[in-house]
Amino acid sequence: MRRFHDDPLTYIVTDDRLYLFDNGEHGNTTPQWQADDQRASRSRPMRAGPSEISFPSDDVHPQAFCTLSTFSSLLFGFMIKLYGHELSGNSYKVRLLLELLGVPYEWVRVDLMQGEHKSSPFLALNPFGQVPVLDDGDNTLSDAQAILLYLAARQGDGQWFPIGPLEQARVVRWLSTAAGEVRQGPESARLHHLFGVKAIPIERAQEKAAFILDQLERHLSDRDWLELDRPTIADIAVFPYVALSGGGGIDLAPYPYVRAWIGRIQALPGYVPMTGLEAAAETQP
Ligand SMILES: N[C@@H](CCC(=O)N[C@@H](CS)C(=O)NCC(=O)O)C(=O)O
């Protein structure tokens, strides 16, 4: 356990928790309230160094505890690094979750067009030579779905990745769908159209896209989110390449429930756009 004082706050760091205490006028250091992780992190300025953290008293109760992952960069001077490219939907989904969680991070651009992802330094991070890669100071992880799961599970509150095995299985099913049907469909069509990867058979990609969009349309016809009546990493994993369908020449007009779901994700607090995504979601080829 480590203890820091930074008047008017005291920080106590255990293995996996950061406790924040208001030293207050009575000197009471008993935690009396558990902050909502997301709300607490969003309300703090994202700057390094404990002395720069301030607590708007009308927004967040000063006595709070939050998972250590959210604040490790503030306390220990390292910042999560996300290696990615701005046109990569897989990089974007990780960036989106970090933003929605309010976790500070450093964006490290990997120049895919110049082949930087096949250079020795990058291959040392991910031998697959692909973005995204996440480095949290202790661990280096690759694969967007794996990173989403790691970040959401580290939050520990079950909000973005549930606690129960059945609920977890339901969410993981959509992570697999993102890496399977969505990649083979809209993601591949976009690679063919936008990036000229002609080795990808476009008819097959279009067929696959039609299949998964039909499935999503039916699935979303009586629910707001893919699972659990709330946004989870299932939605974050599937969303980018579905919303980017227009870039692959795939029209989303016949899918009103899918478009409404895209709108709900775009309305989430902390949502950040991706280059081309808004335009692609609107595109009617
Ligand atoms: N399974 C990986 C796939 C990642 C992936 O395909 N990344 C693309 C950019 S979106 C990439 O780096 N492509 C370069 C390459 O494969 O050589 C994930 O889901 O993160």
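Is Asp 229 buried or exposed? Asp 229 is exposed, because just 8 other C-beta atoms lie within 10 Å, and a residue counts as exposed at 12 or fewer. Keep this residue in mind as we walk through the structure, which is a predicted model.

## The chain as a whole

Let's start with the big picture. The protein chain folds into 10 helices and 8 strands. It has 285 residues, of which 38% count as buried. Among contacts with a separation of 6 or more, 69% are between residues 24 or more positions apart.

## Helix 3

Helix 3 covers residues 89-101, and you can check its length yourself. At 1.5 Å a residue, its 13 residues should span 18 Å, and the end C-alpha atoms are indeed 18 Å apart, so the two values agree.

This helix is mostly covered, with 12 of its 13 residues buried. Among them are Gly 89, Asn 90, Tyr 92, Lys 93, Arg 95 and Leu 97. Just after the helix, Gly 102 takes a positive phi of about 75 degrees.

## Around the ligand

Now look for the ligand. There are 13 residues around it, and those that come nearest are Ser 88, Asn 90, Gln 130, Asp 143 and Ala 144. Two elements, helix 3 and helix 5 (144-155), each give two or more residues to this shell. Sorted by class, the shell holds 5 nonpolar, 7 polar and 1 charged residues.

## The nonpolar core

In soluble globular proteins, nonpolar side chains tend to be buried together. In this model, the largest nonpolar core has 56 residues, and the ones that touch the most other members are Leu 97, Leu 148, Ile 233, Ala 237, Val 238 and Val 258. Helix 8 (residues 233-243) makes the largest share of this core, with 9 residues. Because domain 2 (80-155) and domain 3 (165-282) both give residues to the core, it lies between them.

Val 258 is a good residue to zoom in on. Leaving out residues up to four places away in sequence, Val 258 touches Leu 213, Leu 216, Glu 217, Leu 220, Val 242 and Leu 252.

## Glu 217 and its neighbours

One of those partners, Glu 217, is found in helix 7 (residues 202-219). Glu 217 has 17 other C-beta atoms within 10 Å, so it is partly exposed. Beyond residues up to four places away in sequence, Glu 217 touches Tyr 255, Tyr 257 and Val 258. Glu 217 and Tyr 257 are 40 residues apart in sequence, yet their C-alpha atoms are 5.6 Å apart in space.

## Unusual backbone spots

Most residues other than glycine have a negative phi, and most peptide bonds are trans. Which spots in this model depart from that pattern? A cis peptide bond, with omega about 5 degrees, joins Val 131 and Pro 132. Pro 132 is found in the loop between helix 4 (120-125) and strand 7 (133-135).

Asp 143, one of the residues that come nearest to the ligand, has a positive phi near 85 degrees. Asp 143 lies in the loop between strand 8 (140-142) and helix 5, and it counts as partly exposed because it has 19 C-beta neighbours inside 10 Å. Finally, we return to Asp 229, which has a positive phi of about 60 degrees although it is not a glycine. Asp 229 lies in the loop between helix 7 and helix 8.

Definitions and conventions: Residues are numbered from 1 along each chain as its sequence is written. This is a predicted model: local features need pLDDT of at least 70, side-chain atom pairs count only at pLDDT 80 or more; totals for chains, interfaces and linings use all residues. Helices (H or I, at least four residues) and strands (E, at least two) are DSSP runs, numbered from the N terminus. The expected span of a helix is 1.5 Å times one less than its number of residues. A residue is buried if 20 or more other C-beta atoms lie within 10 Å of its own, exposed if 12 or fewer, and partly exposed in between; C-beta atoms are placed from the backbone. A residue is near a molecule or strand if its C-beta atom, placed from the backbone, lies within 6 Å of it. Ala, Val, Leu, Ile, Met, Phe, Trp, Tyr, Cys and Pro count as nonpolar, Asp, Glu, Lys and Arg as charged, and the others, Gly among them, as polar. Two residues are in contact if their C-beta atoms, placed from the backbone, lie within 7 Å. A nonpolar core is a set of buried Ala, Val, Leu, Ile, Met, Phe, Trp, Tyr and Cys residues joined through C-beta atoms within 7 Å. Domain bounds come from an automatic or database domain assignment.
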